[in-house]
Each structure stands twice: as structure tokens, then as C-alpha cells.
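Work through the exercises below with the structure open. Try each one before reading its solution.

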Amino acid sequence: MNVTKIAPSILSADFGCLEKEVASVVDAGCDWIHIDVMDGHFVPNITMGPLVVSALRRRFRCTLDVHLMIEKPESMIPSFVEAGADVITIHQEATHHPHRALQMIRSSGLRAGLAINPGTGLDSLPYLVGEMDLLLIMTVNPGFGGQTLIPATVSKVASARRQLVELGRGDVLIEVDGGINEQTIREVYEAGANVFVAGSAVFDHSDRTDAVARLTKALAM
Ligand SMILES: O=C(CO)[C@@H](O)[C@H](O)COP(=O)(O)O
């Protein structure tokens with residue numbers, strides 16, 4: 001699969017001027033924006049909700065990639081659909097009914113993603129693969145930006161890619177999230193990832209065009 005996307009995570013952006021922050025990465029050539037929704041229960045942090053997604057939807061045409069780090073995501077899926085998300089990803093660990101949650105997202109006409117934490121295996125893949133468009137492999141424990149990629153997650157990406165191909169779903173995007181930077185992006189790409197969430201590696205730099213170009217260059221090396 002040839003698709004590769006850098007998806008800047010606005011968790012590391014300056015929320016005081018979010019429109020300007022997102023515009024800076026869209027101007028740098030990014031057409032996916034990663035939006036981390038945290039509820040203070042599933043993860044020990046609270047961020048934003050559907051109102052922020054709908055505000056960004058009104059201003060930007062790019063793909064809004066919404067990552068729900070919330071318990072019982074089923075209850076909030078309709079609000080994020082209504083807000084204008086393009087991709088909604090739920091965590092396997094956050095619901096008793098991941099299959100149903102993925103079906104809800106798809107039946108609303110959106111792309112559905114399944115996220116798994118670093119400590120979660122790939123056992124459920126054969127049972128959920130028919131309902132997903134994207135597999136988000138957390139490369140850090142979710143909740144905060146600026147962490148270091150956990151090395152064991154790289155072989156999980158490789159294993160997931162192999163299994164997806166064997167299951168006839170080589171088209172499913174593998175997204176990696178956490179600790180993605182110039183030093184780590186190439187190894188997860190080689191393992192089979194194609195969507196690269198980058199928070200601090202983009203927003204901690206004042207020149208966003210340069211930051212995105214550095215990641216793209218590291219990917220191609
Ligand atoms: O979901 C999360 C954190 O839970 C991420 O999307 C972070 O925002 C990634 O930040 P960096 O590790 O790239 O700084």
C-alpha cells in the first residue's frame with residue numbers, strides 16, 4: 001500500500017490560537033488532522049469534545065481524524081458524526097462492544113478505526129477486521145504528548161500488517177501514535193504503518209513547514 005500520511009496531533013498545539021495552529025500544518029501540506037478526545041476516565045487527562053470538531057469542520061476541509069480515548073464511546077459517536085468527523089477511532093479496551101461501535105461509525109458513512117494500547121494484543125483482529133478501515137496501534141500509553149515510543153510496539157505493527165494481508169485486508173490503514181519523530185518514523189514505516197500521528201515533533205517547532213518536511217524526508221530515507 002502506497003498511502004502515507006503525516007497527521008499532526010493538535011494535543012501539542014496552542015489551544016489559545018487553534019485555528020492558526022491548524023492552518024500552519026495545513027499550509028505545510030498535511031491533509032489529515034488528528035484530534036485527541038480524552039475523558040479523564042479512560043485516560044488521566046481531559047481535552048476537547050464535539051464542539052471543537054465542529055468548529056474545525058467549519059474552517060477546514062482536510063480529513064478530521066478523531067481518536068476517542070473515552071469510556072463507552074458508543075454513547076458519543078453520534079455527536080462526533082454530527083460534528084463532522086471523517087474518521088472516528090474507538091479503543092478496544094474502552095467498550096464491551098467494539099464490533100457494534102465500529103458498525104455504528106461505518107453505518108454513519110465514516111471510516112472506522114480500532115485503537116489498541118501498548119499492552120493489548122492482536123487477538124481480536126480476525127473478528128473485527130471486517131468492520132474497520134484503520135487500526136491505530138498506540139506506540140505510547142495514551143493520555144499525554146511528548147512521550148518516548150515503546151520499542152515493543154514496532155514488532156506489533158509488523159505483525160498486524162502481516163495478519164491484515166493474510167486476512168485479505170491489506171487495505172486497512174495502520175496508524176501509529178506516540179513518540180513519532182525524525183528518529184522513529186522510518187522504523188514504523190518499514191514495519192508497515194502508513195499514517196503517522198505526530199504531536200510534539202510538529203507543534204514544538206516554530207517552523208511547521210520545516211518540521212513536516214523533516215518527517216517526510218526521514219520517512220523516505
Ligand atoms: O494520543 C496521543 C496521546 O495519548 C497522541 O496523539 C499524542 O498527541 C502524540 O504526541 P507525541 O508523542 O507525538 O508528542
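The exercises follow neighbouring strands of this predicted model.

**Exercise 1.** Find which strands pair with β6, and in which sense, parallel or antiparallel.

*Solution.* Start with β5 (residues 111-116). β5 and β6 pair in the parallel sense, over four bridges. A115 sits opposite L136 of β6. Now take β7 (residues 173-177). Five bridges join β7 to β6, and the two run parallel. L135 stands opposite I174 of β7, and L134 has L173 as its bridge partner.

**Exercise 2.** Trace the chain from β6 to β7 and give the handedness of the crossover.

*Solution.* Leave β6 and follow the chain through helix α6 (residues 152-166). The path then reaches β7. This β-α-β crossover is right-handed.

**Exercise 3.** Explain why β6 and β7 count as largely enclosed.

*Solution.* Take β6 (residues 134-138). Four of its five residues are buried, so β6 is largely enclosed by the rest of the structure. Turn to β7. Five of the five residues are buried, so β7 too is largely enclosed.

Now sort the β7 side chains by direction. In a regular strand, side chains alternate between the two faces of the sheet. L173, E175 and D177 point one way. I174 and V176 point the other way. All of these are buried.

**Exercise 4.** Which strand pairs with β7 over three bridges, and which helix completes the unit?

*Solution.* The partner is β8 (residues 195-198), paired in the parallel sense. D177 stands opposite V197 of β8. Add helix α7 (residues 185-191): β7, α7 and β8 make a right-handed β-α-β unit.

How values were computed:
Residues are numbered from 1 along each chain as its sequence is written. This is a predicted model: local features need pLDDT of at least 70, side-chain atom pairs count only at pLDDT 80 or more; totals for chains, interfaces and linings use all residues. A residue is buried if 20 or more other C-beta atoms lie within 10 Å of its own, exposed if 12 or fewer, and partly exposed in between; C-beta atoms are placed from the backbone. Two strands pair if DSSP finds at least two bridges between them. A crossover is right-handed if, with the strands pointing away from the viewer, the path from the first strand over the helix to the second runs clockwise.
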